[in-house]
Amino acid sequence: MNTGTLADALDIAARGGRPLAGGRSGLTDTVQAYAVQEALVARRLARGERLTGFKLGFTSVAKMRQMGVSDLIHGRLTDRMEVPDGGRLDVSGLIHPRVEPEVAFLLGSTLLPGGDPMAAVAAVAPALEVIDSRYDGFRFSLPEVIADNTSAAHYAVGAWRAPRDLSGLGVLLELDGRPVETGSTAAILGHPLRALAAAARLGGPLEPGTVILAGAATAAVPLPPGTYVRAAVAGLGTVAFTTEPAEAAPTTREDA
Ligand code: OOG
Ligand code: MG
């Protein structure tokens, strides 16, 4: 498939809430994969969406092991993907959503490759990312997931706090008040600052106001409808949202 055709197919899959027709893309080249991602994101922007952020993926061993890949990837976030902290998210149009706990950086000035990345950071916050692979069964190669904008679907960010040391903070993910994953920010490349440096290297220059998701600290878990999701990062606070309950199946009455 050429770049535009694959971007169209992935776009249709995401909008229709159905995995890519014909299964996998067969893409094997990461340079072409980023070109597909760019074309895919361009389709969103053409529909009036606005770029809000930059995300890193596979920055933790937990995620690499879960998905069977071993390289850092990056994708783009838009305003349409944002879920307000404490808000609601309708997951009925998604294919097979999963949620994962992250930390977020907010840029106060332009992030340039090299130099001290923390100098560009205005604030930090706990975050939740909802991923939803457009490939059947959440199975993909590295180029395939890159083309699919790294499975990005939605994200929520907690209250922004003054920049602080994010090393070795406990991370907890809860569904309906039950702990489902626990980890540490140390799982993110040893220190989330390394994710920030990687964002500068791979995505730079990134504009002031950009949100950067450092990548999940734990494996992702399936996200059902009608669920209260919360992440807590020790010393940084919490972020939460609720998924809309499943629509009741229409009842058919067989009178007579
Ligand atoms: C790809 C997205 C990876 C992360 O935080 O590691 C990612 C996927 O797992 O489908 O967002
Ligand atoms: Mg993620």
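1. Welcome to this structure, and a good residue to open with is Arg44: with a relative accessible area of 18%, Arg44 is buried, because the cut-off for that word is under 20%. Please keep in mind as you read that this is a predicted model.

2. What does Arg44 meet? Its side chain joins that of Glu49 in a salt bridge, at 2.8 Å from N to O. Glu49 is buried as well, its relative accessible area being 9%. If you select these two residues on screen, you will have a charged pair in which Arg44 is buried and Glu49 is buried.

3. How many salt bridges does the structure hold? The count is nine, and the pair of Arg44 and Glu49 is one of them. Two others are worth a visit, and they are taken up in the next points.

4. Have a look at Arg47 and Asp11, whose side chains meet in a salt bridge with 2.9 Å from N to O. Arg47 sits in the loop between α2 and β1 (51-57), while Asp11 belongs to helix α1, so this pair ties together parts lying 36 residues apart in sequence. The partners differ in their surroundings: Arg47 is partly exposed at 36% relative accessibility, whereas Asp11 is buried at 9%.

5. A further salt bridge links Glu174 and Arg230, with 3.1 Å between the closest N and O atoms. Here Glu174 comes from strand β7 (residues 170-175) and Arg230 from strand β11 (residues 228-233), so parts 56 residues apart in sequence are tied together. Glu174 counts as buried, with 13% relative accessibility, and Arg230 counts as partly exposed, with 24%.

6. Those two strands lead us to the sheet. Five strands make up an open sheet with mixed pairing, and their order is β3-β12-β11-β7-β8. Its edges are β3 (87-89) and β8 (178-184), each of which pairs on one side only. From one strand to the next, the twist averages 20°.

7. Within the sheet, in which sense do β7 and β11 pair? They are antiparallel, and five bridges join them. To find your place along this pairing, look for Leu173, which stands opposite Ala231 in β11. The salt bridge between Glu174 and Arg230 also joins these two strands.

8. Now for the metal. Which residues supply the protein donors of the magnesium ion (ligand 2)? They are Glu100, Glu102 and Glu129, each through OE, at 1.9 to 2.1 Å from the ion. Along the sequence, these donor residues follow the spacing E-x1-E-x26-E. Glu100 is buried, with 3% relative accessibility, and Glu102 is buried too, with 2%.

9. Finally, spend a moment with Leu27. Where does Leu27 lie? Its place is in the loop between α1 (3-16) and α2 (30-46). Is Leu27 buried or exposed? Its relative accessible area is 7%, so Leu27 is buried.

10. The surroundings of Leu27 include residues from elsewhere in the chain. Leaving aside residues up to four places away in sequence, Leu27 touches Leu6, Gln32, Ala33, Val36, Ser141, Pro143, Glu144 and Ala147. For another link between distant positions, compare Leu27 with Val145: they are 118 residues apart along the chain, yet their C-alpha atoms are separated by 9.6 Å.

Key
Residues are numbered from 1 along each chain as its sequence is written. Chains are lettered from A and ligands numbered from 1 in the order in which they are written. This is a predicted model: local features need pLDDT of at least 70, side-chain atom pairs count only at pLDDT 80 or more; totals for chains, interfaces and linings use all residues. Side-chain values use heavy atoms; hydrogens and water are left out. Helices (H or I, at least four residues) and strands (E, at least two) are DSSP runs, numbered from the N terminus. Buried means under 20% relative accessible area, exposed over 50%, partly exposed in between (1.4 Å probe, protein chains only). Contact means heavy atoms within 4.5 Å. A salt bridge is a side-chain nitrogen of Lys or Arg within 4 Å of a carboxyl oxygen of Asp or Glu. Donors are N, O and S atoms within 2.8 Å of the metal (3.2 Å for Na, K and Ca); water is not among the atoms, so sites may look incomplete. Two strands pair if DSSP finds at least two bridges between them. Axes are lines fitted to C-alpha atoms, for helices over the stretch in contact, and angles run from 0 to 180 degrees between N-to-C directions.
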